[in-house]
Amino acid sequence: QVYRQLLQIRPAAAELHNDLGSVLGSQGQWEEAILCFRTALQLQPNFANAYYNLGGVFLLQNNLDEAETWYRHALALSPQIVDYHTRLGFVLHNRGKLAEATECYRHALELQPDLVEVHFNLGHVLQARNQLEDAKVCYRQAILLKPDFVEAYNNLGSVLQAQHQLEEATVCYRHALQLKPDFAEVHTNLGDALLDQSEFEE
């Protein structure tokens, strides 16, 4: 309501349209939010944050094609913003554009090296691209930054298992289960690793 009142006084203020769009988006009023962001961009065509917020609305609606388009606009205008790299990377990752996602995540980490989730996501992309050594580095860095990161232990274990480093893999899985005993996927992975290990020893 405050933003609407302010817009009556300053209808050409792109920032106010952008802020109102953010409020409406957080309330799930997608169409009104999109209209606000588009209005902000008509008033200020180089408004990177409005492009970013527009991409966010489409991402929440699971429209990855539109989300990618608007995130690319935001990033082109403000390549120094970490979130623009990480969010575009996430969309590209989920669209199967793994090489481009890798670049986005790497750029984000160049700007801010302590982003735990980005190390993890980069590891996940590299693992999918079968770049296992690099994936291990990413998962280990994620664990270093967040020692209770259960999913990182599980994924590191799966990479080690794929490389037939079975003892190290089982250590990772056991550590994950100490942190989260009811993690069904890890139980399965540990069982597979132990089976592989017994077959290998035979």
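1. Does Thr86 count as buried or exposed? Thr86 counts as buried, because its relative accessibility is 17% and the cut-off for buried is under 20%. Keep in mind that this is a predicted model.

2. Thr86 sits in helix α6, which spans residues 82-94. Its side chain has a polar atom 3.0 Å from the backbone oxygen of Asp83. Leaving aside residues up to four places away in sequence, Thr86 touches Tyr105, Ala108, Leu115 and Val118.

3. Glu68 is the next residue to check. Glu68 belongs to helix α5, residues 64-77. Glu68 counts as buried because its relative accessibility is 6%, and the cut-off is under 20%.

4. What does the side chain of Glu68 make a polar contact with? The partner is the side chain of Arg72, at 2.9 Å. Beyond four places in sequence, Glu68 also touches Leu88, Val91, Leu92, Arg95 and Lys97. Of these, Leu88, Val91 and Leu92 fall within the 82-94 range of α6.

5. Now the core. The largest nonpolar core has 63 residues. Leu54 and Tyr71 have the most contacts inside this core. Helix α4 gives the largest share of the core, eight residues.

6. Tyr71 deserves its own entry. With residues up to four places away in sequence left out, Tyr71 touches Tyr52, Gly55, Gly56, Leu59, Arg87, Leu88 and Val91. Leu88 and Val91 are also touched by Glu68. Tyr52, Gly56, Leu59 and Arg87 also appear in the lining of the largest pocket.

7. On to that pocket. The largest pocket has a volume of about 160 Å³. Its lining consists of Ser22, Gly25, Ser26, Phe37, Tyr52, Asn53, Gly56, Val57, Leu59, Leu60 and Arg87.

8. Which helices each supply at least two residues of this lining? They are α2 (14-26) and α4 (48-60). The largest share, six residues, comes from α4. Helix α4 also gives the largest share of the nonpolar core.

9. What is the lining of the largest pocket by class? There are five nonpolar, five polar and one charged residues. The charged residue is Arg87. Tyr71 touches Arg87 as well.

How values were computed. Residues are numbered from 1 along each chain as its sequence is written. This is a predicted model: local features need pLDDT of at least 70, side-chain atom pairs count only at pLDDT 80 or more; totals for chains, interfaces and linings use all residues. Side-chain values use heavy atoms; hydrogens and water are left out. On a 1 Å grid over the protein atoms alone, a cavity is a set of points where a 1.4 Å probe fits but cannot get out, and a pocket is an open set with protein on both sides within 12 Å along at least five of seven lines; lining residues have an atom within 4 Å of a point. Grid points are joined across faces, edges and corners, and a volume is the space filled by probe spheres set on the points. Helices (H or I, at least four residues) and strands (E, at least two) are DSSP runs, numbered from the N terminus. Buried means under 20% relative accessible area, exposed over 50%, partly exposed in between (1.4 Å probe, protein chains only). A polar contact is a pair of N or O atoms within 3.5 Å; within protein, one must be able to donate a hydrogen and the other to accept it, and residues adjacent in sequence count only if both atoms are side-chain atoms. Contact means heavy atoms within 4.5 Å. A nonpolar core is a set of buried Ala, Val, Leu, Ile, Met, Phe, Trp, Tyr and Cys residues joined through side-chain atoms within 4.5 Å.
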